[in-house]
Structure formats: C-alpha cells, structure tokens
Amino acid sequence: MRSAQPAAAQTQGFAARALLCLELLTLAIGALQFAFVPDSVERPLLAATALGLLTVSILFSRVVPAFQRPIARQHCIDIAALIVCITLFAVATGSAHSFLVPLYLIPLVGASLAFGRWWVVLLLTTVIAAVGFLLGALTPQMDIAGPEFGVQLLSVLAPGAAVALIIAALIEQMNSAVQRISDLASTDALTGLLNLRSFEEILQQEHRKAERFGRPYTIVVVDVDNLAHINETMGHEAGSQILGAVAAAITRSIRTSDVAARLGGDEFVVLLTEADTAMGGAIATRIRNNVYAGTVSVANRLIRANVNVGTANFPEDHLYPKELMILADQNMQQDRALRRPPE
C-alpha cells in the first residue's frame, strides 16, 4: 500500500541550498587567494580554470533540467565539481604542500548533508585519499611511499571524515524524526491507515494522472456492520479490535499500488489505481471475503466482522473525485440495505 512521501525527500531542498553555499565558499576562497596572495598561485591559468569549471557547474546544475532531476544527480555533480576544483587549485598552488588541501573537508561535509549516509562519506573519503596520492606524486621531492606523507594525508582527511560522519549520523536521526512526525500527521492512530486528508491529496494526484493518460481507477467505500452494537454490548475496546482487524484485511486484499484510508467512525475508503469496474468489483468482493474469514477474540469470545461495500469508477460513473466518493458511499448504503434482513 502506498504511503506518504518519504521524509528524506523533505530535506533535499535544504541539502541543495547547503551545497550551493559550500560551492560559493570555495569560489570565494579561490578568488581571495588571487586577490591577496597572488604569489602563492604558481599556475594562474590552472587556478582560473578550476574556478571557471566550478562556476559553470553551479550554473548548469541549477539551470539545465537534465542535471536537476533526480536531485541526487545534481548533488553528485556539485560534489564532483568541488573535488575537481579543489584538486586543480591545489595543483596550482603547490600540490601536496598547498594550504588549500584542507578544503577537501568541504565536499565531505557536502556529501553528508546531501545523502546523510555514512557509507557515502567513507566512499568519498577513499576517493579523496586517492586524489591525495595523486597530489603527492605531482609534488617535487615528495616520497608518497614514506610514513611522513601518510601521516600528512591522514591529518588532513581524518578530521574532515570525522566531522562528515557526525553530520551524516545527525542527518539520519533528523530524517527519522521527520518521518515519524509525517507518519503521525498522515495516518490514523487506531488502524495505521492513511487519514482522510492524506487520502484526498493522493486521490487528487491520481485523478490528474488518470485524466492525462486516460486510465481508469475505482473508489471503494467499506462500512463495518453493527459496530455501534458491538461497542454498546462488548465495549469500545472490542470495537477498536474489530476496526483493526478490518483494516488489516483491507491491506491484505489490495495491491501495493492501491491506497487505503479510514474515513472515520466505522467507514474506510480505498483507491484502486488503474482498476476498471470489473477489477474494482473483484477487489471489493475480496475485501468482503477476507474480512468475514477473520475473527477477533474478545473476552474469550470470537467475533466475526461483516462489512458492506460500494464502488464507483472513473471515468465510467463520474468525472470528479468528490462525486465518486459520494456515489461509492451511496452504493455501500444500498449494499447494506440489501444484506440486512427485513424487520
């Protein structure tokens, strides 16, 4: 069953802005190097090329649509551009002896903010370590096989990797907390299904897709029979158990692409994506049968639930989601009237 949007996606905008700030910071440091310490730039053309490449990368990754979606692609481009820029600028200012080498902390922090995963940080640390050996090989009179170079490289990478790993752990905890808050806001506490507000948002999205691509969908309204009587005679705890059992039966009966929600009280609603009238009717029957096949144990008594169901289909029945929900509810009431014995 489909659920609300993952919480990690809600942090992507923050990560994109943070990466942009880190890139601008790198550009500013490079520009200041040219302006105030020009003698330290041994290869001005290479340094200018580094800054130019980073500037072009910033523009392209935020203007060209192909570089923007998925957002992870933009993040990868930004981080790769940072590594290339810092490497070229380091080569232009003394290679392994350049005091800009500690700037490799910037892409490490950027990776932790963008992806929030420790293994990404470790992978990027490995890449930067390989780049460090390259810088060492380009540095005159530098013995990259000696312990001195290893200690120097470790002293540069270890603090940056440690900071990035801490940030990644914090990002993961933040995403987890945001996801829990999002789940509480979008789901029904008793059944674990979506609440009506979240269901209506997804229904509107599905309706727009159905109109654009000419796909059908079916709405199913499910009503638990005699729930009020169960609450009165056996207590509300029994009624809550019945509702939980019905919700579980609905979840078992639908596909992963479908969406189920609690309307409130004793009613549920289901969105069957790309389902015509025949398929919608078959799944509605499956829901009824699965609910009836289960039992709930309350005070040493087995209670068997019954449900009434009604369906409505787009585009066969109506053209608007609200009308479909009203029609499905009316058909559910007709089903309930037909199944109850005459008084």
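A salt bridge is a side-chain nitrogen of Lys or Arg within 4 Å of a carboxyl oxygen of Asp or Glu. The model is predicted: local features need pLDDT of at least 70, side-chain atom pairs count only at pLDDT 80 or more, and totals for chains, interfaces and linings use all residues. Residues are numbered from 1 along each chain as its sequence is written, and side-chain values use heavy atoms, with hydrogens and water left out.

**Exercise 1. Find the salt-bridge partner of arginine 336 and state which parts the pair ties together.**

Step 1. Arginine 336 pairs with aspartate 223; their closest N and O atoms are 3.3 Å apart.

Step 2. Place both residues. Helices (H or I, at least four residues) and strands (E, at least two) are DSSP runs, numbered from the N terminus. Arginine 336 sits in helix H11 (residues 321–339) and aspartate 223 in strand S1, so the salt bridge links parts 113 residues apart in sequence.

Step 3. Check exposure. Buried means under 20% relative accessible area, exposed over 50%, partly exposed in between (1.4 Å probe, protein chains only). Arginine 336 is partly exposed at 23%. Aspartate 223 is buried at 2%.

**Exercise 2. Describe two further salt bridges of the structure, and one network.**

Step 1. The structure holds 9 salt bridges. In one of them, arginine 215 meets glutamate 274 at 3.6 Å, N to O.

Step 2. Arginine 215 lies in the loop between H7 and S1, and glutamate 274 in the loop between S3 and helix H10 (277–293), so this pair ties together parts 59 residues apart in sequence. Arginine 215 is partly exposed at 32%. Glutamate 274 is partly exposed at 45%.

Step 3. Arginine 255 and aspartate 258 meet at 2.7 Å, N to O. Arginine 255 is partly exposed at 28%, while aspartate 258 is buried at 0%.

Step 4. Glu23, Arg62 and Asp78 are joined into one network by salt bridges that share partners.

**Exercise 3. Work out the strand order of the open sheet, then add the helices that pack on it.**

Step 1. Two strands pair if DSSP finds at least two bridges between them. The 4 strands run in the order S2-S3-S1-S6, with antiparallel pairing. The edge strands, each pairing on one side only, are S2 (259–264) and S6 (307–314).

Step 2. Count the bridges. S2 and S3 (residues 267–273) share 5. S1 and S3 share 7. S1 and S6 share 8.

Step 3. Pick out partners. Glycine 264 has glutamate 267 in S3 as its bridge partner. Helix H7 (residues 196–213) packs on the sheet and touches S1 (217–224), S2, S3 and S6, at about 25° to the direction of S3. Helix H9 (residues 236–253) also packs on the sheet, touching S1, S2, S3 and S6, at about 10° to the direction of S3. Contact means heavy atoms within 4.5 Å. Axes are lines fitted to C-alpha atoms, for helices over the stretch in contact, and angles run from 0 to 180 degrees between N-to-C directions.

**Exercise 4. Decide how well S1 is covered, and name residues on each side.**

Step 1. S1 is mostly covered, with 8 of its 8 residues buried.

Step 2. On one side lie Tyr217, Ile219, Val221 and Asp223; on the other lie Thr218, Val220, Val222 and Val224.

Step 3. Link these to the neighbouring strands. Valine 220 has valine 270 in S3 as its bridge partner. Tyrosine 217 stands opposite phenylalanine 314 in S6.
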